[in-house]
Amino acid sequence: MNFLTPWFLLGALAVAGPILFHLIRRAARERLPFSSLMFLKPAPPRATRRRKLEHLLLLLLRCLCLVALAAAFARPFLAGDNSLPVATAAGRQLIVLLDTSASMRRGGVWEEARAVAEKYIGQAGAADQVAVLTFDRQPRTLAAFAEWAAWPVDERAALARQRLASVSPSWMGTALGLALTTAAEQFPGTSPDGKPPERRDLVLISDLQEGARLDGLQGHDWPVGVRVRIERVGQKQPANAGLEILDPADNSIHVRVTNSRDSKRDKFHLAWAGVNTGVDVYLPPGETRTFTAPKLPAGMTSGVLQLSGGEGNFDNLSYYAAREVQPVKVSYLGPDSTNDPAQLLYYVQRVFPATVRRTVQVAPGGPLNDAAFAVIPGPLTPDQSATVREWLKGGKCALLVLSGASSGPTLSALLGLEEVSVTEAAGEYALLGEIDFKHPIFAPFDDPRFSDFTHIHFWKHRRWEIPPSLQARVPARFDDGSPMLAQIPVGKGFLLVLASGWTPADSQLAVSSKFPPLMERMLDWSGAGTPARAQFRTGEAIPSPVSSGGEVQWQKPDGKQVALPAGADFVETDLPGIYSALDGKVARRFAVNLPLEESRTAPLPQDELGRLGVPLGPVGGQSRVESRAYLRHAQDAEVEGRQKIWRWLIVAALAITFGEVILGGWLARRLAAAAPTP
Amino acid sequence: MPAAPPARLSEAGFVDPKALMAIRNLELRARVVVEGFWNGLHRSPYHGFSVEFTEYRPYSPGEDTRYLDWRLYARSDRYYVKRFEDETNLRCHLLVDQSRSMGYGSLTYSKSDYARTFAATLAWFLHDQGDAVGLFTFDERVRDYFPPRHRQGHLRQLMLALEREPEGRATHLGQPLRRAAELARKRGLIVLISDLLAPVDELERHLARLVAAGHELVVFQVLDPNELAFDFPRAALFQDMESRQDYFIDPGVARAEYQRQLNDHAAAVEAICRNLGFAFHRVLTGRPLELALLDFLRSRARRGKLIRRRPQRASPS
């Protein structure tokens with residue numbers, strides 16, 4: 001039996017307490033109040049009885065309880081269970097985990113980190129197994145254990161250094177949690193000769209900035225015996241401030257600025273590169289705020305916003321690319337006049353306003369091939385119906401407005417059914433009786449302020465039975481139970497069937513304030529007007545601006561050209577700057593920036609990793625003897641942690657205490673019964 | 001006065017003190033005891049001027065001429081003053097010991113409970129027959145003083161004062177008796193209810209002062225049965241309830257000496273009382289209160305037979 005913290009056994013000396021108390025109680029056992037002692041003289045108790053211990057069982061229980069508690073605190077363990085015997089172990093396993101995130105670009109930090117990594121590689125013995133990993137946003141293996149083992153023993157260090165020399169800090173963020181957990185999984189179970197490793201060291205060489213992401217560390221199940229040593233570099237670096245342009249929602253450009261916690265400055269200047277004027281911003285240390293960026297000079301659609309006044313310089317630029325206005329074409333498959341308010345087209349042409357994100361062009365009777373959305377106001381010819389059905393199957397979406405019983409053949413043709421009966425509903429007017437606000441088209445109205453549709457009267461509407469085989473979804477029904485709007489899948493696309501029109505003859509829908517957002521939502525939902533992002537972070541994939549057609553020619557900020565098929569995302573966003581995608585004749589620009597978290601370079605609190613359960617070992621610089629003693633202690637702790645004998649001792653102490661309470665109570669009652677009544 | 005065993009007395013039809021003490025209200029307890037003991041009026045020992053004629057006395061020059069009997073003067077040509085019986089009845093002071101030693105009790109109640117109930121019984125009894133009752137409660141000094149009155153609500157005040165729990169630390173009879181002698185200027189009856197567990201040196205002097213002031217005195221010594229028997233099964237640490245002093249005492253060894261000293265003390269007190277010409281009663285708390293009341297009445301009845309004499313420096317032996 002060994003003890004992890006044997007000095008707690010000194011607590012067992014407390015058993016002297018109960019023994020003493022049992023002796024003391026002998027002398028002053030019971031006290032009887034009496035009216036007056038004026039006629040009495042004190043008589044000393046007989047000395048022979050004073051040294052006699054009473055209630056030996058009670059005393060034994062009390063002593064046992066104290067001994068059990070002291071033993072529990074001393075953390076006992078059985079040495080025979082130690083599966084990591086130091087004497088017979090093979091060499092150690094070492095992983096050098098090197099931070100290559102953008103914050104390592106600060107002056108001198110990378111050189112310092114590489115020197116530390118080379119030191120560890122140089123210290124590795126012949127029996128040691130070494131792997132070198134780097135990480136920023138993702139961990140990467142620079143030299144795996146297998147490669148190290150395959151290299152000649154005397155060339156291992158040189159080869160590893162050679163690989164290190166080929167690495168330089170990237171422009172990515174820091175995913176420290178992912179890197180630590182991934183690296184810890186790299187440790188092989190045994191050494192090549194089958195012996196258990198002497199040690200498993202994971203050396204983390206990083207600036208440990210507070211902006212590092214620590215996801216996945218909490219509750220991670222660390223492999224047995226792994227100790228993480230932290231080599232913090234760049235501690236003498238000045239404080240830093242950084243900026244990031246946000247994806248613009250409207251015409252103004254907003255920029256988020258962060259100032260490091262250890263910064264001594266609070267005044268910064270924002271200006272576009274090549275422009276003399278700018279704005280001053282004030283930001284206290286440790287805070288992050290969003291400011292409105294200065295106006296981009298007229299005619300420019302992209303630019304570089306510069307932050308001056310900070311000390312660090314690797315993250316003082318943020319790139320901006322104006323979002324492209326996306327043209328959306330809506331095909332109107334009807335003969336209506338654009339100037340007749342009694343016809344549907346009159347309203348369709350006016351309901352889609354131009355925004356900064358897109359312009360909508362309504363093409364009456366226009367071709368379907370380049371249309372994103374289609375409105376079908378009435379019956380179509382069989383040929384037209386077949387064309388539309390094929391177009392829908394390709395993943396498009398159309399809105400069919402039932403104008404009367406004549407729409408039945410068109411509906412059945414579009415849905416690919418034999419016959420669908422459409423009848424004119426009777427009655428004075430109908431209201432919307434049931435609306436599914438969970439449906440994306442009606443979701444914006446899911447608020448008590450906007451969900452009142454009762455003022456919209458539908459003078460006329462058409463009834464039709466939806467065959468169950470269609471797997472239709474009905475977002476809205478009239479108060480007579482018939483569907484007002486039905487969403488029916490057709491191939492990859494959808495057909496929306498509206499059972500009433502929006503002309504004054506059919507309903508009050510067009511004069512309702514709900515009509516424009518409803519149509520806008522239909523357009524959005526169909527996927528036609530999905531606006532493309534223009535601001536990205538390093539490492540993020542940029543979606544392809546076109547989904548069909550030929551190749552898209554991408555150009556990186558350093559001039560490198562990459563050709564990708566249409567629809568393939570561009571993933572080589574490893575540099576901040578303006579990227580361009582050339583699709584035929586249309587060129588689109590995207591801005592890629594450093595993650596703002598990377599600018600928070602204040603050091604992470606020392607105990608943060610330990611708090612998240614990382615098994616921290618000694619920080620570098622220990623002697624071999626100290627390290628071996630530490631390792632032995634760590635192994636003991638590991639074995640003790642597995643056995644957890646202390647829990648049983650605590651349970652035993654509680655059981656003994658329980659017994660002591662019962663026995664003490666019984667004895668007290670017996671004494672009270674025997675004692676004279678005062 | 002020897003005390004009869006309480007059990008036998010209870011069997012004789014008196015209220016068992018244990019049952020009596022179970023009544024929480026002191027006033028009710030007193031009322032229970034007094035019922036049945038209404039024995040008629042006292043004869044007032046004093047003459048005054050009221051309606052009931054007693055005798056004639058020759059007029060001395062300088063006396064108030066209002067009380068001259070002019071009719072007798074007309075018949076006999078002599079000046080006589082008419083004397084009437086004073087209807088201001090007995091003025092009684094109850095001196096009740098509230099020291100901590102009175103808190104002792106081997107029964108279900110303490111000596112203090114018994115003494116207070118007895119004092120309340122006396123107060124009720126005397127008040128009921130028209131006497132003025134006053135009250136001193138004391139420990140090492142006088143705590144409460146209510147001069148003798150016979151008016152509505154006075155009895156209630158006395159009961160409230162008696163219901164207060166004892167707080168004193170020691171019993172010093174000298175100071176309270178001296179103070180009582182100062183306050184009770186008008187002659188009357190003084191009933192001292194105490195365990196008298198205090199040095200007797202000064203007791204005689206202070207009692208003599210009260211007697212000299214013309215007061216009639218009755219002393220009740222209230223003791224617990226276990227204070228007489230000192231019957232404890234084994235050695236223990238005894239704590240003085242007044243001084244909080246601890247003595248380790250083996251009762252088997254100390255009992256004989258204790259009883260001898262206690263009896264000597266009681267004999268000394270009794271001798272003082274006898275010398276001063278007033279009654280001394282030892283009451284054990286197990287005794288029915290009616291019997292204690294009877295003792296009181298008997299001592300009152302014998303009052304006329306007692307010879308009042310000056311104290312002669314009687315020794316306790």
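**Figure 1. Helix H9 of chain A and its buried residues.** In this predicted model, helix H9 covers residues 407-415 of chain A, and its buried residues are Ser407(A), Thr410(A), Leu411(A), Ala413(A), Leu414(A) and Leu415(A). What do these buried residues pack against? Their partners, all in chain A, are helix H8 (382-393) plus four strands: E19 (397-401), E20 (422-424), E24 (483-490) and E25 (493-498). Look just past the end of H9(A) and you'll find Gly416(A), which has a positive phi of about 75 degrees.

**Figure 2. Where H8(A) and H9(A) cross.** Two packed helices are described by the angle between their axes and the distance between the axes. For H8(A) and H9(A), the axes come within 8 Å and the crossing angle is roughly 35 degrees. The crossing is right-handed. On the H8(A) side, the residues to spot are Pro382(A), Ser385(A), Ala386(A), Val388(A) and Arg389(A), and they meet Thr410(A), Ala413(A) and Leu414(A) of H9(A). Sorted by class, this contact has 5 nonpolar, 2 polar and 1 charged residues.

**Figure 3. Strand E7 of chain B, tucked inside.** Why is E7(B), residues 216-223, said to be largely enclosed by the rest of the structure? Because 8 of its 8 residues are buried. Glu216(B), Val218(B), Phe220(B) and Val222(B) point one way, while Leu217(B), Val219(B), Gln221(B) and Leu223(B) point the other way, and all are buried. Strand E6 (residues 189-194) of chain B pairs with E7(B) in the parallel sense, over 6 bridges. One pair to pick out is Ser194(B) with its bridge partner Gln221(B).

**Figure 4. The largest nonpolar core.** This core has 66 residues, and the ones with the most contacts inside it are Leu94(B), Leu95(B), Ala119(B), Ala123(B), Val191(B), Ile193(B) and Phe220(B). Helix H5 (residues 111-128) of chain B supplies the largest share, 10 residues. Another core lies apart from this one; its 58 residues include Leu402(A), Leu415(A), Phe458(A) and Leu495(A). Now zoom in on Val191(B): leaving aside neighbours within four places in sequence, Val191(B) is in contact with Cys92(B), Leu94(B), Leu95(B), Leu122(B), Val218(B) and Phe220(B).

**Figure 5. Chain A meets chain B.** Here 20 residues of chain A are in contact with 27 residues of chain B. The chain A side has 14 nonpolar, 3 polar and 3 charged residues. How do strand E2 (residues 31-34) of chain A and strand E8 (residues 236-240) of chain B run, parallel or antiparallel? They run parallel, joined by 4 bridges. Among the residues to find here is Phe34(A), whose bridge partner in E8(B) is Asp240(B).

Conventions: Residues numbered from 1 in each chain as written. Chains lettered and ligands numbered in written order. Predicted model: local features only at pLDDT ≥ 70, side-chain atom pairs only at ≥ 80, totals over all residues. Core = buried A, V, L, I, M, F, W, Y, C linked by C-beta atoms within 7 Å. Buried ≥ 20, exposed ≤ 12 C-beta atoms within 10 Å, placed from the backbone. Helix = DSSP H or I, 4+ residues; strand = E, 2+ residues; numbered from the N terminus. Contact = placed C-beta atoms within 7 Å. Nonpolar A, V, L, I, M, F, W, Y, C, P; charged D, E, K, R; others polar. Pairing = 2+ DSSP bridges. Axes fitted to C-alpha atoms, helices over the stretch in contact; angles between N-to-C directions. Left-handed = near helix turned anticlockwise from the far one by under 90°.
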